[in-house]
Amino acid sequence: MSEISSIDVRNDDGVIVARVEGEVDLSNARELGERLTAAVPNAALGVVMDLSGTTYLDSSGVYLMFELAARLGSRQQQLRVALPETAPLRRVLTVVDLESTVPIAASVDEAVAEIRAAP
């Protein structure tokens, strides 16, 4: 992973929670996507991307979110983004209309609960 970002992945009883800290851009988005995809077993219900520690997300990072949603969807898995309502990054995700494809929750706990409650 690039020095400008880090990722911590954990399994929360069948839901993969990936906390991304720092900047996500062209220099590291591909590697981030590869690490996430490799960390998600077929038995997982879904993935929560915790972006609360992410300080920058360029178009490569936005593309990664849409691509990851499509990959997981083809495996019958869900993707949720966890990001506080007041986070500056919310504006970027609103402008690109990410929420039309990937629901955004205010916290990791809320996102995990949404994945578990989905049919």
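I began with helix α1 (29-39; helices are DSSP runs of H or I of at least four residues, strands runs of E of at least two, numbered from the N terminus), where Arg30, Glu34 and Ala38 are exposed on one side, exposed being over 50% relative accessible area, buried under 20% and partly exposed in between, with a 1.4 Å probe and protein chains only. I note that this is a predicted model, in which local features need pLDDT of at least 70 and side-chain atom pairs count only at pLDDT 80 or more, while totals for chains, interfaces and linings use all residues. Residues are numbered from 1 along each chain as its sequence is written, and side-chain values use heavy atoms, with hydrogens and water left out.

I then looked up the other side of α1, and found Ala29, Leu32, Gly33 and Leu36 buried. Seen down the helix axis, these buried residues fall within an arc of 100°, so they line one face of α1; the arc is taken from the directions from the helix axis to the C-beta atoms. An α-helix has 3.6 residues a turn, so residues three or four places apart point the same way. The cover over the buried residues of α1 includes β1 (5-12), β2, β3 and α2.

Next I turned to the largest nonpolar core, a set of buried Ala, Val, Leu, Ile, Met, Phe, Trp, Tyr and Cys residues joined through side-chain atoms within 4.5 Å. This core has 29 residues, and those with the most contacts inside it are Met49, Leu51, Leu79, Val81, Leu83 and Leu93. Two or more residues each come from β2 (15-24), α1, β3 (46-57), α2, β4 (78-82) and α3 (89-95), and α2 gives the largest share, six residues. Leaving aside neighbours within four places in sequence, I found Met49 in contact (heavy atoms within 4.5 Å) with residues including Ala18, Val20, Leu36, Met65 and Leu68.

I also checked Arg90, which is found in helix α3 and is buried, with a relative accessible area of 11%. Beyond its neighbours within four places in sequence, Arg90 is in contact with Leu83, Pro84, Glu85, Ile104, Ala105 and Ala106.

Last, I looked at the lining of the largest pocket, which includes Leu26, Ala29, Arg30, Tyr63 and Arg71. A pocket here is an open set of points on a 1 Å grid over the protein atoms alone, where a 1.4 Å probe fits, with protein on both sides within 12 Å along at least five of seven lines, and lining residues have an atom within 4 Å of a point. Helix α2 gives the most to this lining, with five residues.
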